[in-house]
Amino acid sequence: MANKITERDIYNAILDGSVDVDVLKAFAEKKIAQLDKRNESAAKRAAKKRAEGDALMEEVAGYIGNEAKTRAQITAEMVADGYDLTDAKVGARLNKLVANGRIAKAKGRVTGEDGKSKAATLYALAFDAE
């Protein structure tokens with residue numbers, strides 16, 4: 001049975017200056033293959049996650065109408081309809097929709113639960129020019 005050369009042996013040989021070029025080439029080829037496999041797996045996971053995010057973005061877009069709403073109002077409507085979402089997840093999709101030009105956002109004032117008016121970011125399909 002031939003002695004198996006470990007990674008530790010290869011690294012020590014590099015440090016000692018006694019490295020065998022053929023062993024080093026084989027080691028490099030092995031590591032490059034591992035990197036390629038890992039990158040391919042990561043790309044698949046990222047594509048799957050992007051597809052899920054795109055589907056959620058379309059769902060969020062369905063809750064945007066001509067009436068201006070805050071992120072919290074949109075999230076509350078979606079949660080009431082059975083979605084398991086947070087304000088942050090909805091906000092990220094709203095920002096993408098705004099960046100893509102599909103919806104508009106503007107600063108406005110809304111009345112809070114305590115009856116006081118406060119500044120908020122509002123989202124709608126379009127806002128009238130004032």
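This dialogue walks through pockets, salt bridges, exposure and chain distances in one predicted model.

Me: What should I know about the model and the numbering before reading any values?
Reply: The model is predicted, and local features need pLDDT of at least 70, side-chain atom pairs count only at pLDDT 80 or more, while totals for chains, interfaces and linings use all residues. Residues are numbered from 1 along each chain as its sequence is written, and side-chain values use heavy atoms, with hydrogens and water left out.

Me: How much space lies in the largest pocket, and which residues line it?
Reply: Rolling a probe the size of a water molecule over the atoms shows where empty space is left. On a 1 Å grid over the protein atoms alone, a pocket is an open set of points where a 1.4 Å probe fits, with protein on both sides within 12 Å along at least five of seven lines, and lining residues have an atom within 4 Å of a point. The volume is the space filled by probe spheres set on the points, which are joined across faces, edges and corners. Here the largest pocket holds about 210 Å³ of space, and among its lining residues are Arg-71, Asp-87, Glu-113 and Lys-118. The elements giving two or more residues to this lining are α3 (71-80), β2 (104-111) and β3 (117-124), where helices (H or I, at least four residues) and strands (E, at least two) are DSSP runs numbered from the N terminus.

Me: How do the lining residues of the largest pocket divide by character?
Reply: The lining divides into 3 nonpolar, 5 polar and 4 charged residues; Ala, Val, Leu, Ile, Met, Phe, Trp, Tyr, Cys and Pro count as nonpolar, Asp, Glu, Lys and Arg as charged, and the others, Gly among them, as polar.

Me: How many salt bridges does the structure hold?
Reply: Side chains of opposite charge can pair when their charged atoms come close. A salt bridge is a side-chain nitrogen of Lys or Arg within 4 Å of a carboxyl oxygen of Asp or Glu, and the structure holds 4 of them. In one of these, the side chains of Lys-31 and Glu-7 meet at 3.0 Å, N to O; Lys-31 lies in helix α2 and Glu-7 in helix α1, so the pair ties together parts that are 24 residues apart in sequence. Another joins Glu-40 to Lys-44, with the closest N and O atoms 3.6 Å apart, and these two residues, 4 apart in helix α2, are separated by about one helical turn.

Me: Are Lys-69 and its salt-bridge partner Glu-77 buried or exposed?
Reply: Buried means under 20% relative accessible area, exposed over 50%, and partly exposed in between (1.4 Å probe, protein chains only). Glu-77 and Lys-69 form a salt bridge whose closest N and O atoms are 3.0 Å apart; Lys-69 is buried, with a relative accessible area of 13%, whereas Glu-77 counts as partly exposed at 30%. In the Glu-40 pair, Lys-44 is exposed at 57% and Glu-40 is partly exposed at 48%.

Me: What separates sequence distance from distance in space for Gly-101 and for Ala-55?
Reply: Gly-101, in the loop between α4 (87-99) and β2, is 24 residues from Leu-125 along the chain, and their C-alpha atoms are separated by 9.4 Å. Ala-55 is in helix α2 (residues 21-61), and its C-alpha atom is separated by 29 Å from that of Asp-36, 19 residues apart along the chain.
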